[in-house]
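Student: I would like a close look at one part of this model, the helix packing, with the backbone and the interior taken up afterwards. Please give it as one connected account.

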Amino acid sequence: MSYSALNSSSPLVDVWSGYLAQAQQVPSSWWLLLAFINTPILAVLFNALWQVIVPRKASDPPLVFHWLPIVGSALWYGNDPINFFKSCQEKYGNVFTFILLGRKVTVALSAKGSDFVLGGKSTAFNAEDAYKNLTVPIFGKDVVYDVPNEVFMQQKKFAKFSFTTDRFRAYVGMIEDEVEEFLMHDASFRTYQQNDINEWGDFDAVAAMSEMVILTASRTLQGKEVRENLDGSIAQLYADLDGGFTPLNWLFANLPLESYRKRDRAHKKMSDIYIEIVKKRKQNPDGDEHNDMIASLLDQKYRNGDKMRDHEVAHLMIALLMAGQHTSSATLAWTLLHLASQPKIAAAVYDEQLKHFGNPDGTFRSMTYDDLRHLSILDSCIRETLRIHPPIHSIMRRVREDVVVPATLAAPSKDGMYIVPKDNYVLASPLMSQIDPRIWSDSDQWIPARWYDQEGMAAQAAKAYADEHGEKVDFGFGAVSKGTESPYQPFGSGKHRCIGEQFAYLQIGTVIATLIRRVELRLTTPVPEHNFHTMILMPKDPKTIHYRRRKFD
């Protein structure tokens with residue numbers, strides 16, 4: 001057949017011409033719609049094929065397979081990090097990398113993993129790079145993660161001057177008074193205020209404990225000026241500032257959202273309040289004697305001889321209020337929920353107090369710091385809560401230089417050791433060690449009695465965390481136990497270990513002891529599951545605790 005014949009009369013040409021004619025009649029908007037639909041599908045398929053086909057560096061830790069580009073494993077990790085870690089650990093071992101909204105995060109599980117991440121040098125594992133987006137808009141400039149690590153360590157040392165035994169002795173009575181005032185005036189405790197020993201009332205565990213922590217912290221650490229205004233403008237400012245403490249804020253420092261604008265306005269106003277307090281105290285140095293954190297900070301000097309500037313004092317005070325409030329309120333809520341679910345243990349906590357500072361008629365004298373230190377059952381309840389409900393389930397650092405993964409943490413591949421590349425993030429999860437069934441019997445159960453056995457796993461883990469017989473390390477804020485190799489790390493470890501740890505135990509213990517003396521607790525629903533959508537491990541709804549005033553109160 002000649003070309004001219006094919007060109008003029010071929011059936012194939014006629015069919016092809018018909019297709020072209022039909023295609024020309026399809027509106028361009030349909031083509032755009034098809035492209036819009038198919039492009040994401042092609043991107044997902046290409047992302048999957050890339051992970052399967054393209055060879056990876058032998059030194060790279062295993063990569064968790066993910067369908068969605070950029071998003072990676074964010075949805076799985078964000079909704080259920082515990083099962084995410086467990087599944088990945090079973091498949092890849094203790095070290096693996098996953099994609100978190102464009103970030104490469106290398107996870108190091110087990111106690112050795114925590115030691116690798118949290119015990120590493122700050123020149124390699126940097127906390128400022130990991131958390132600056134979240135903390136600077138809330139805390140403010142020139143403190144915590146907005147300064148070089150060496151300066152931050154000095155600021156931690158300044159704050160520690162309010163965490164002394166003498167001050168703790170004074171704080172117990174202050175906290176006890178605040179709890180009793182709260183019971184007498186908060187709307188949730190109306191049946192208590194009516195002195196009705198038969199009727200049951202109820203309160204939201206998180207809401208009530210959050211308010212109680214703010215009240216007690218402001219009374220003891222923040223200063224009387226803050227406490228006197230806490231029921232007014234400061235309470236709302238705190239709430240608005242707290243709205244910026246979310247995973248979204250960690251991922252994106254600034255978005256055109258109202259919650260971000262409220263956060264920024266609240267920070268400015270709260271900072272101004274603290275700065276005004278500082279200025280007034282400087283103008284009247286011989287006025288009322290103050291025994292609080294502000295007074296301590298005003299007396300401190302950096303190593304170069306400079307004193308803290310007014311805005312630095314203000315911003316560090318905000319940081320102390322925010323950081324302490326979340327961790328303590330979460331631990332309080334979880335402990336009360338468990339006590340309410342197990343009345344026999346709650347009764348043992350009550351009887352322990354009756355034994356140590358009860359009166360013959362069933363009433364109690366005022367509790368002292370020494371009394372609190374001898375309440376071993378209460379202490380075990382708090383420690384067990386921190387074991388299965390630590391405030392933070394993941395602790396991250398950004399890697400500033402290539403880091404070799406030690407063979408004790410992950411067996412080398414056939415081609416050599418794994419290396420975490422520069423600019424990756426690393427993640428440790430002390431929670432995973434604290435609920436590891438290979439370490440803890442009945443690891444998912446709340447059993448305070450495990451802490452009574454001085455030779456048991458709990459006691460050994462606590463000793464390793466306290467490092468009672470080991471060498472102390474001074475990171476710049478005083479000698480502390482490193483504690484990075486313990487399978488129990490409720491307050492972090494290494495140089496970023498919480499400086500308010502002992503105050504937290506004091507605050508939490510005094511609040512619970514005072515409440516247990518005043519009311520009975522009951523839980524009519526199971527203990528809630530974790531809410532992983534918050535920065536701090538809070539309980540999901542329902543988290544309502546029922547209470548009844550005690551007969552001899």
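Tutor: What follows goes through the helix pairs, then a cavity, and then some loop residues. The model is predicted, and local features are taken up where pLDDT is at least 70.

Helix α23 is a convenient starting point. It spans residues 501-518, and its axis comes within 11 Å of the axis of α11, residues 205-222, with a crossing angle of roughly 120 degrees. That angle makes α11 oblique to α23, because angles that are neither under 35, over 145 nor in the range 65 to 115 degrees count as oblique. The crossing of α11 past α23 is right-handed. On the α11 side the residues in contact are Met209, Met212, Val213, Thr216, Ala217, Thr220 and Leu221, and they meet Phe503, Gln507, Val511 and Leu515 of α23. Sorted by class, this contact holds eight nonpolar and three polar residues, with no charged ones.

Helix α23 also packs against α17, residues 310-341, at an angle of about 35 degrees and with the axes 10 Å apart. This crossing of α17 and α23 is right-handed. From α17 the contact takes Ser328, Thr331, Leu332, Thr335, Leu336 and Leu339, and from α23 it takes Ala504, Gln507, Ile508, Val511, Ile512, Leu515 and Ile516. The class count for α17 with α23 is nine nonpolar, four polar and no charged residues. Gln507, Val511 and Leu515 of α23 appear in the contact with α11 and also in the contact with α17.

Helix α17 in turn packs against α15, residues 258-283, with the axes 8 Å apart and an angle of about 125 degrees. At that angle α15 is oblique to α17. The crossing of α15 past α17 is right-handed. His267, Met270, Ser271, Tyr274, Ile275, Val278, Lys279 and Lys282 of α15 touch Asp310, His311, Val313, Ala314, His315, Met317, Ile318 and Leu321 of α17. Here the classes are nine nonpolar, four polar and three charged residues. The charged residues in this contact include Lys279 and Lys282 of α15 and Asp310 of α17.

Next, the interior. The count is one cavity of 30 Å³ or more, and the largest cavity has a volume of about 50 Å³. Its lining consists of Val117, Leu118, Gly120, Ser122, Phe125, Arg397, Ser493, Lys495 and His496. By class, that lining has three nonpolar, four polar and two charged residues.

Some loop residues remain. Lys422 sits in the loop between β7 (419-420) and β8 (425-428). Lys422 and Asp402 are 20 residues apart in sequence, yet their C-alpha atoms are 4.7 Å apart in space. Apart from neighbours within four places in sequence, Lys422 contacts Val399, Arg400, Glu401 and Asp402.

Two backbone features complete the account. Most residues other than glycine have a negative phi, and most peptide bonds are trans. Val144 is not a glycine but has a positive phi of about 55 degrees. Val144 belongs to the loop between α7 (127-139) and α8 (149-160). The peptide bond from Asp541 to Pro542 is cis, with omega near -5 degrees. Pro542 is in the loop between β13 (538-539) and β14 (544-549).

How values were computed: Residues numbered from 1 in each chain as written. Predicted model: local features only at pLDDT ≥ 70, side-chain atom pairs only at ≥ 80, totals over all residues. Heavy atoms only, no water. Axes fitted to C-alpha atoms, helices over the stretch in contact; angles between N-to-C directions. Helix = DSSP H or I, 4+ residues; strand = E, 2+ residues; numbered from the N terminus. Left-handed = near helix turned anticlockwise from the far one by under 90°. Contact = heavy atoms within 4.5 Å. 1 Å grid on protein atoms, 1.4 Å probe; cavity = no way out; pocket = protein on both sides within 12 Å on 5 of 7 lines; lining within 4 Å. Points joined across faces, edges and corners; volume = space filled by probe spheres on them.
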